[in-house]
Each structure stands twice: as structure tokens, then as C-alpha cells.
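Reader: Hi, I have a structure to look at and would like to go through it slowly with you. Could you show it to me before we begin?

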Amino acid sequence: MKEYGWSRNVRQVDPYVPGEQPSDPNIIKLNTNENPYPPAPGVQKFLSSVDVTDLRKYPDPASSELVDAIADYHDVDPSQVFVGVGSDDVLSMAFLAFFNGSDPVLFPDVTYSFYNVWADVYRVPYTEIPLSDDFTIDPSDYLRKNGGIIIANPNAPTGMPLPLSSIETIISGNRDSVVIVDEAYVDFGGESALSLLDKYDNLLVIRTFSKSRSLAGSRIGYAIGCVDMIRCLNDIKYSVNSYTMDRITLGIGTAAIRDEAYFRECVDRIIATRERTTEELKKLGFAVLPSATNFVFARHGYIPAMVLFEYLRDQGIYVRHFGGKRVYNYLRISIGTESDMDKLISVLTDYIERERA
Ligand code: PMP
């Protein structure tokens, strides 16, 4: 950007780069961990009942209908629930609310690449703690002076889950810090930290409707923690934007969380497809990290990830590739429908067989 008179007052940031959203519907999108199945049928029913006249009015600033439905689902008090515009919004507010000290916030070196962006934009010091060589998190690395901790469990983009006992070691060893557990993918096989809430007032669990509830396009996330923590989050929200959740989204989210049977069916189907895809990829010479999410993180034995990324893209299959020394040779592949994954495997098989010939 050229220099302006006002440039010296600009908050300089190096932004997060979201995955691509192509407009061509024929592209097989395995690049942003979306759910390949539609949202629960109640969502369509709710949308059909919407009266646009109601949109002239502001939404309920407390988002009570959705908060109550989430509280009911998790069997907690509504005063323990905070909702936002996707978990990115909730995470951003949590950084603003709880990570305001002079000691560094801790998170792994390989994790959701938004954490360092929020730390930078809010001017919070942070330390990225290297994962072990096998990409596991060693909880003892997090028993040091800090201004807060955030762990994605299961982690992204590795997909690997951390046992609840290790999460508890981190929470119990840091009673004077807020420990955020980002459970964006937990429904696909991780152990939730929600069961620890009664024991620890320094735990905040953050979740999303984007993955397991097929609502990435609607933007719904939430946090569950002790009542005072939720109050701190609301203080930030009401200091930035009182009406984060719009009227339609509130109804969509409420309809989605009430359909447990549909949710289970979709999640089980994705887990089964993930396991099958993992086996197929291994047969093709990929090393695949053990995933408890709706994606796999895989590295081919001898073909560079970037080569495969570009080849797949040319064939109309989008996957995600991240820069960064430790993960440069990996592809993150979201789990699509059975037929999406059949296509992926067949395109990869063709390429690899040609390479071998
Ligand atoms: N946490 C993690 C670990 C993620 O991968 C994502 C998805 N990019 C999010 C949070 C944010 O998801 P959303 O804002 O759609 O809820």
C-alpha cells in the first residue's frame, strides 16, 4: 500500500487467509472442512415460515432462544452460554476478553492459524509451543508462566485428538489462566472438556455449528464456561456490537440443535467415510495422521504435496495446502460424500499409477 498522511495511525495486521470458495458448483470442495450433507430438515421448515416483515425489527440482543436451546442440549444453565457469528467471532471475543496480560498466551506451533492473527491484532504477546515430532501435544509444555492458553481439541490441521486427561493436566496446572479449548471438530471423535466445567472455573469450551451441524454458511458458534466468564464475554460483545446474531440465524440454529437424530446420522456417516478414505489413501502410499475430525492430514511417500494439490485442482478437486516448514508436505483433505471421496481416490490413483509407469 502506498504511504498516506494517515498511514501512521493504521493498525497494521497480517490477516488470516480463509479457504477458497469457488462459484463453480461442479468443483468438489474438500478445502474448508464443510459438511457435505444439508442442515437438519427443521432448518428448511423454519426458513419457509420466516416473515420478512419481522426483519424491520432488531433481533433479541441476548439471543435467548438459541442460548436456551444450546443450554438445554448440553444440560447447563443459559447463563453459562455465549453465542456468536461462528466460532471465529466467539474466539475473537474470548481473546479480547481473557488474553489481556503481559505474559505470553500459549498455543501449539501447528494449530488453527487464526490464533496468532488474533494475538497480533489485539497486541497480545504469545509463544508457539512446538508439537512433538509425531504432532502430539505434550501437556507438560503448558505448565509454565503464561497469560492464557488455547488448545484446539482435536487439533487442526493435524486432526489429532488429545486425551481428556491431558487437557485436564493443562487446566488444573493453570488455575490462574483462562484455558480455552476450541472443540470445532469434537463431534467427529474427540473427548469433550465440557465434563470438566463443574470442576474448573478457568475453562472455556468453544464450539461451532459449521462442521457437525452443516451450517458454515449461517455462522453460529458458542462458548460454555462459568457464569462470570460468560459475563466477561457479554461485556465485550455489548462494547463492540450488541446485535451479532440476526433473527434468521437464531431460528436456524435453534432448529438445528433440536434434531439430535439427524445430527448423529450425518456425523456417523462422515466418520465411516473418513475411515474408508484413510485406508484408501494408505494403499496409495500416503501417511495419514489419525483423525478425530471431518478431515484427514496426509503426506505422500514421494510426491510433493504441492504437486498433488495443483493436479487435484486442475481436475476440479480443491483440497487445502498450508505453508510452514513442518506441514509443507501435507494436504488437508475434508471428508465429503462417499462419491466425492471415490472421485478423489480415483483421480489420485490415476496420477500415481502414471508416475509409477
Ligand atoms: N476453530 C477451528 C480449529 C477451525 O478449524 C475453524 C474453522 N476454520 C474454526 C474454529 C472457525 O469455525 P467457524 O467460525 O465457522 O465456527
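Reader: Let's start with α7; what covers its buried residues?
Author: The cover over the buried residues of α7 includes α1 (41-48) and α2 (64-74), where contact means heavy atoms within 4.5 Å. Helices here are DSSP runs of H or I with at least four residues, strands are runs of E with at least two, and both are numbered from the N terminus. I should add early on that this is a predicted model, in which local features need pLDDT of at least 70 and side-chain atom pairs count only at pLDDT 80 or more, while totals for chains, interfaces and linings use all residues. Residues are numbered from 1 along each chain as its sequence is written, and side-chain values use heavy atoms, with hydrogens and water left out.

Reader: And how many residues of α7 are buried?
Author: Nine of the eleven residues in α7 (residues 247-257) are buried, so this helix is largely enclosed by the rest of the structure. Buried means under 20% relative accessible area, exposed means over 50%, and partly exposed is in between, using a 1.4 Å probe and protein chains only. Among the buried ones are T249, L250, A256 and I257.

Reader: What caps the N-terminal end of α7?
Author: That is D246, which has a side-chain oxygen 2.9 Å from the backbone nitrogen of I248.

Reader: Which residues does R213 touch, leaving aside its neighbours in sequence?
Author: Leaving aside neighbours within four places in sequence, R213 is in contact with P39, Y73, A256, I257 and F263, and two of these names, A256 and I257, also appear among the buried residues of α7. The side chain of R213 also makes a polar contact with the side chain of Y73, at 3.2 Å. A polar contact is a pair of N or O atoms within 3.5 Å; within protein, one must be able to donate a hydrogen and the other to accept it, and residues adjacent in sequence count only if both atoms are side-chain atoms.

Reader: Where is R213 found, and is it buried or exposed?
Author: R213 is found in the loop between β7 (203-208) and β8 (221-224), and it counts as buried because its relative accessible area is 6%.

Reader: Changing topic, what about T277 in α8, buried or exposed?
Author: T277, which has its place in helix α8 (residues 260-283), is buried, with a relative accessible area of 1%. A polar atom of the T277 side chain lies 2.7 Å from the backbone oxygen of T273, and, not counting residues up to four places away in sequence, T277 touches I335, M341 and I345.

Reader: What about K282 and R274?
Author: Both are found in helix α8, but K282 is partly exposed, with a relative accessible area of 42%, whereas R274 is buried, with 6%. The side chain of R274 makes a polar contact with the side chain of E275, at 2.9 Å.

Reader: Now the ligand: which helix gives the most to the shell around it?
Author: Helix α3 (residues 86-98) gives the most, with four residues.

Reader: Which polar side-chain atoms lie 2.7 Å from atoms of the ligand?
Author: One belongs to D182, at 2.7 Å from a nitrogen atom of the ligand, and another belongs to Y185, at 2.7 Å from an oxygen atom of the ligand. For T208, a polar side-chain atom lies 2.5 Å from a ligand oxygen atom.
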